[in-house]
Amino acid sequence: MTAAGAAAVVIGLDVGTTAVKAVAFGTNAPWRRVAVREYPLAEPAPGQAVQDPAVVLDAVAAALAECVAAAAPAEVLAVSVSAAMHGLLALDAACRPLTPLITWADARAGDQARALRRSGRAQDLHALTGAPVHPMTPLTKLRWFAEHDPATMRAARWWAGLKDYVLLWLTGELVTELSSASGTGLLDLAARTWSPVALEVAGVGADRLPPIRATTATRPLAPGAAARIGLPAGTPVVLGAADGPLGNLGTGATAPGVASLSLGTSGAVRMMVSEPQVDGDQTLFCYALTDAMWVVGGAISNGGIVVRWAREAFAPDVGGDAAVLELAAAVPAGSEGLVMLPHLLAERAPLWDPDLPGAYLGLRRRHTRAHLIRAAVEGVCRQMRLLLDRLDDVSTVRAVRVTGGVFGAALWRDVMAAALARPIHVVGDTDGTALGAAALGLFALGLSPAPERAAAALAGPDVTPPVMPDPALVAAYDETRAAIPALIAALDPVATLFGGPVR
C-alpha cells in the first residue's frame, strides 16, 4: 500500500547512540516510511564518549521532518519515542546544557564503580535498582562529577538523560519515564520512584531529577518543534520507553520462554517478565517497558565490533565483510582449538567488569588469519550463550528472536544457532526498536488492546523459517566451552615466571 492511500500513521522515533531513525508505520496496513540521520560519537579524552546535544536535536528534527513529508498525506496520530539508555546531561535552571551528553559508552566513572564493588554496596544497589553498578550508569557518572567536577555538580539545576532532553524539545516539558529511569541505577524497582538510598550514593537530591511518568503518558507537541517538523501543534507525543525493552516488543519477543537477541556494534539478550526481578547471581539487569512488562537480560560491549577489528587487523587486503566471513567459513567449527575472549572494549555482562582483558587462547603455528577471524565470530556468540544461560535460570528459554545486520551472513546465523543450542528466528526488520515505539504509541492512544497486539499488526505476517542448530556444530562448541578453563589454567606457570601467584 502507498503512503498516499494510508488513512493514518504512527511515528516511532528511535534516538540511538550514533543515529536517529524516524519510521512512519501505517495503521491500516503494514507499510512504512523511514528517515535516518547520523551524528558523531566524540572521544575528547581516553575513556570518554560524548555527544553534542544540539547536534542530536538537529538530527531528530531533520529525520522527523523527512519522515512526516514522506508519509503525507496520511494523518500522523502520534510520535512515540525510544532512546538509548544510561546517558547523562547537566542542565541549568533554563534547561540549557552545561555538559555534553555523556553516553553509556563513557567509561570515566570506572574508579567509582570499582570502589562501590569493593565496598560491598554494589550488590545492594543492584538488588534495589535492577541496574548493575558499572561506569555506564548515571549513578556512577554522578559520583564522578561529585569527586572530579564539583563546580558542575553545584551549577546543575537538573540532571537528565538523552530521552528526557529529546522530550523537552518535543513538548517543552522536562520529564522522564519509568523505562529510562530504570536504567539509571537510581530507581527503586519496588516503589517505582527515585531511590533515596541510590540518590545518597550518587550525591544528588530527587528534586534535581525529572519527574517519572508512565511510558504510555502523552504530552502535546510544542509549537516550535511542530513548526520545524511539519506537524500540527498539539499532536500527541507518547513518552515511550528505552531502546532495549522496545527492541523486545518490536521483534515479537514478548511471550514466556522467548528471548530477544540484538547484535550490532555491541549486543544484548533480553526476555520479558511480568514483574521486576533480579537474578540471584546479579549478572542480569532489569528494566521496564511498562509498569506491567519488564525485561531481564544482559548487554555486551563487544559484538560486531570485534569481527570488524579482526578484519582490519588480519585481513585488510581481503575486501568487505562478506569476503572476510567467507575466509573464516573455510575453517572448521571450533577454529581447531583456537579460542578468543573478545573483551576489546570495557565489558559489561555477565561479570560487569570493565577491566577484563581480551585474549586468544590455544594459539598454535597451524592457525592462520582465517582461524583468528572465525575465533572472533565464535567468541562473540559464546558470550551471548553465557547471557542466555543466565536467563535460563530465570525462566527456560525455548527460542530466540535475533536482529542485526550481521545475520545477513550465513556464518553468523549458523554459529549463533549452534552456540546457543536453540532455534533462532532472524527478524529481518532493522526498524525493530522504532516499531516497538510505534506499537507502544498505539497502545497508549487506546487504539490497540495490548502492546504486543499493536506490534504484530504494524509488522505484518512473519513467514521467515527459524534457523535450526546443526547438531555437529553444537557438539563442537560444547567441546570448546568445556576446554576453556583448562586453557586458562595452562597459563598459570607463565604467571609464576613473572612473579604472579598460581591460583
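In this predicted model, strands β15 (residues 258-263) and β16 run antiparallel and are joined by 5 bridges. The connection between β15 and β16 is a hairpin of 3 residues. Two pairs show the register. A259 has M271 of β16 as its bridge partner. S260 stands opposite R270, also in β16.

On another flank, β16 pairs with strand β18 (residues 293-300). This pairing is antiparallel as well and spans 7 bridges. Here M272 lies opposite V295 of β18.

These strands belong to an open sheet of 6 strands. The order is β17-β18-β16-β15-β21-β22, and the pairing is mixed. Strands β17 (285-290) and β22 (424-426) form the edges. Each has a single partner strand, so one side of each is left without a neighbour in the sheet. From one strand to the next, the twist averages 30°.

Strand β16 covers residues 267-273, and 7 of the 7 are buried. The strand is therefore largely enclosed by the rest of the structure. Its side chains point in two directions: G267, V269, M271 and V273 one way, A268, R270 and M272 the other. Both sets are buried. Helix α10 (residues 243-251) lies across β15, β16, β17, β18 and β21 (399-403). The helix runs at about 75° to β16.

A buried histidine occurs in a loop. H343 sits between β19 (339-341) and β20 (359-361). Its relative accessible area is 12%, under the 20% limit, so H343 counts as buried. Apart from residues up to four places away in sequence, H343 touches N302, L356, P357, G358 and Q383. Q383 is 40 residues from H343 along the chain, yet their C-alpha atoms are separated by 9.8 Å.

The structure holds 20 salt bridges. One of them joins R121 and E200, with the closest N and O atoms 3.2 Å apart. R121 lies in helix α3 (residues 121-129) and E200 in helix α8 (residues 196-202), so the pair ties together parts that are 79 residues apart in sequence. R121 is partly exposed, at 33% relative accessible area. E200 is exposed, at 51%.

A second salt bridge brings together the side chains of D321 and R311, at 2.3 Å from N to O. D321 belongs to helix α12 (residues 321-329) and R311 to helix α11 (residues 304-314), 10 residues apart. D321 is partly exposed, with 47% relative accessibility.

A third salt bridge links R369 to D317, where the closest N and O atoms are 2.8 Å apart. R369 is in helix α13 (residues 369-394), whereas D317 is in the loop between α11 and α12. The pair therefore ties together parts that are 52 residues apart in sequence. R369 is partly exposed, at 32% relative accessible area. D317 is exposed, at 56%. Elsewhere, salt bridges with shared partners join K21, R32 and D431 into one network.

The surface also carries a nonpolar patch. L491, V494, L497 and F498 form this patch, with about 480 Å² of accessible area together. F498 is placed in the segment after α18 (492-497). Its relative accessible area is 73%, so F498 counts as exposed, for which the limit is over 50%.

Terms used. Residues are numbered from 1 along each chain as its sequence is written. This is a predicted model: local features need pLDDT of at least 70, side-chain atom pairs count only at pLDDT 80 or more; totals for chains, interfaces and linings use all residues. Side-chain values use heavy atoms; hydrogens and water are left out. Patches are made of residues with over 30% relative accessible area and no salt bridge: like charges are joined within 9 Å, nonpolar side chains (Val, Leu, Ile, Met, Phe, Trp, Tyr) within 5 Å. Accessible areas come from the Shrake-Rupley method with a 1.4 Å probe; for residues, only the protein chains shown count as cover. A salt bridge is a side-chain nitrogen of Lys or Arg within 4 Å of a carboxyl oxygen of Asp or Glu. Helices (H or I, at least four residues) and strands (E, at least two) are DSSP runs, numbered from the N terminus. Buried means under 20% relative accessible area, exposed over 50%, partly exposed in between (1.4 Å probe, protein chains only). Two strands pair if DSSP finds at least two bridges between them. Axes are lines fitted to C-alpha atoms, for helices over the stretch in contact, and angles run from 0 to 180 degrees between N-to-C directions. Contact means heavy atoms within 4.5 Å.
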